[in-house]
Amino acid sequence: MIALVDVNSFYASCEQVFRPDLRGRPVAVLSNNDGCVIAVNREAKALGISMGRPAFENMTRMELHGVTVFSSNYPLYGDMSQRVMETLATLGASLEVYSIDEAFVEVPALERDLAGYGHRVRERVMRWTGLPVGVGIAETKALAKVANHVAKRERDRTRNVFVIADEAARAACLESFPVEEVWGIGGRIAARLADRGVRTAGDFTRLPDAWVRKELTVTGLRLKRELLGEPQSALELVAPAKQMIGTAKSFGETLEDEGLIREALAYYVAECGEKLRRQSSLAGHLTVYLETNRFRESDPQYVNQTCVRLPVPTNDTLELTRHAERGLSRIFRAGYRYKKVGVWLSGLVSPGAVQQDFFVEDPGIRRANVMGVMDAVNRKYGKAALRTAAAGFRRDQWKLRQERVSPCYTTRLGEVMRVTSDE
DNA sequence: TCTGGGGTCCTAGGACCC
DNA sequence: TCTGGGGTCCTAGGACCC
């Protein structure tokens, strides 16, 4: 059996762990640039704060009801995530980390009391990390996802744990489960299914294989089988190396100056270069992406991207920066107010697989050493403490807005909590 | 005024190979 | 006049996820 364990409103819960005064009170967390509401706890949801919508649409209501609002604090969430995963690893036979706040856990084979197991998972994660989780247990990943959804709706004492134990339970559960909530059914597909009169997950499992294969590709067919209780994939125990690494972030304000955009781009390239070296990959292609603010309809709009093929795959930030700058000058047009620049590294290979180019000088071991030093310095003294000249000194003019960010309680020594006593 | 970021998988179609 | 067949690789684009 497989358990899908996820943290309830993860980002909001992380903030609450370190703010006991906010227990039982409404909390919301905003996306990068304080743009959208991306996490709300139960109390905030009850007040009608809508997730995924722009922050400004919700601000009046949030202020009115005293919702505590945070900018997102990814160093904190990443660290808390690791603690949750380490805790889950002590409970399961094996573990697939699926996202920052969820994991598939293989229930130990000898476990007889599945609901009891689910509650033990909840209790241990709560005791060790302070975070509340929901647990769905079933025969396949897709069914465990369904069970997890149901767990959140349960109102009685079994709340937050739900088990699809046998065939009868599976069938009954799917008949009342809306098809658009099934994992892998998004808005587009749900609309097409609705046209065919498919409303529930149960309806979906009765569609002919041939139709599903033709209209929804093999992914749809696998999903159907998983919902019928036939596992289509094993747990991925080791996270595979990424096939793409990228960063594309909005500026705090729109920018017209190519020089500033170039600095932001160089800064993002350095972030990607570091991720690339951490997984020991080299990139063969680099895509630069540039965009104006599409919501400002009165502004002239421009969006473009260009792909640069690197002469020899590399993970050298200086080399990557040079190519990114070339890409930017290909697509930059003066006279627009730009909102976002991004870079994506793809065609990732491991160093052993590289074909050297006779006509291109290999920057060689000395450059690799420079990168090693740069990474070590930045680990010790903080992000971008040592950076390329191209990343510049004007970050204040383009960095994203983060006006309500909480302290990095667990990852920065200067920001750990102080406990005092009145005597 | 203010509208996120970072990925994955699949397919179709073109280029190219023998 | 008549112009093959069976592949692989790559990229763009669509759909999805959290």
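A residue counts as near a DNA strand when one of its heavy atoms lies within 4 Å of that strand. With that in mind, here is a walk through this predicted model, starting at the two DNA strands and ending inside the protein.

**DNA strand C**

Counting residues by that cut-off, helix 8 gives the largest share of the surface near DNA strand C, with 3 residues. Helix 8 spans 187–195, and both it and strand 5 (94–99) supply at least two residues of that surface. In total, 15 residues surround DNA strand C, and the closest of them are Ser99, Lys145, Gly184, Arg188 and Ile189. What part of the DNA do they meet? Of the atoms of DNA strand C that come within 4 Å of the protein, 100% are sugar and phosphate. As for chemistry, the surface splits evenly into 5 nonpolar, 5 polar and 5 charged residues.

**DNA strand B**

Now for the other strand. DNA strand B has 28 residues around it, and Ser31, Arg222, Ala248, Ser250 and Arg296 come nearest. Here 73% of the DNA atoms within 4 Å of the protein belong to sugar or phosphate, and the rest to bases. The surface near DNA strand B is made up of 9 nonpolar, 10 polar and 9 charged residues.

Polar contacts turn up along both DNA strands, and a few are listed here, with the protein atom, the DNA atom and the distance in each row.

| Residue and atom | DNA atom | Distance |
|---|---|---|
| Ser31, polar side-chain atom | DNA strand B, sugar or linking oxygen | 2.8 Å |
| Gly246, backbone N or O | DNA strand B, phosphate oxygen | 3.0 Å |
| Ala248, backbone N or O | DNA strand B, phosphate oxygen | 2.6 Å |
| Ser99, side-chain N or O | DNA strand C, sugar or linking oxygen | 2.9 Å |
| Asp101, polar side-chain atom | DNA strand C, sugar or linking oxygen | 3.0 Å |
| Ile185, backbone N or O | DNA strand C, phosphate oxygen | 3.3 Å |

Which element does most for the surface near DNA strand B? Strand 9 has the largest share, at 6 residues.

**Strand 7 and its neighbours**

Away from the DNA, strand 7 (residues 133–138) is mostly covered, with 6 of its 6 residues buried. Both of its faces are covered: one side carries Val133, Val135 and Ile137, the other Gly134, Gly136 and Ala138.

Strand 7 also has pairing partners. It joins strand 1 (residues 2–7) in the antiparallel sense over 6 bridges, and Val5 stands opposite Val135 in that arrangement. Strand 8 (residues 161–163) runs parallel to strand 7, and 3 bridges join the two. Val135 shows up here as well, since its bridge partner in strand 8 is Val161.

**Helix 1**

Why is helix 1 (residues 10–17) described as largely enclosed by the rest of the structure? Because 7 of its 8 residues are buried. The buried ones are Phe10, Tyr11, Ala12, Ser13, Cys14, Glu15 and Gln16. An α-helix has 3.6 residues a turn, so residues three or four places apart point the same way.

What covers those buried residues? The covering elements include strand 1, strand 2 (27–30), strand 3 (37–40), strand 4 (68–70) and helix 4 (74–89). Strand 1 links this part of the picture back to the previous one: it is among the elements covering helix 1, and it is also the antiparallel partner of strand 7.

Key. Residues numbered from 1 in each chain as written. Chains lettered and ligands numbered in written order. Predicted model: local features only at pLDDT ≥ 70, side-chain atom pairs only at ≥ 80, totals over all residues. Heavy atoms only, no water. Polar contact = N/O pair within 3.5 Å; in protein donor to acceptor, adjacent residues only side chain to side chain. Helix = DSSP H or I, 4+ residues; strand = E, 2+ residues; numbered from the N terminus. Nonpolar A, V, L, I, M, F, W, Y, C, P; charged D, E, K, R; others polar. Buried < 20%, exposed > 50% of the residue type's maximum accessible area, 1.4 Å probe, protein only. Pairing = 2+ DSSP bridges. Contact = heavy atoms within 4.5 Å.
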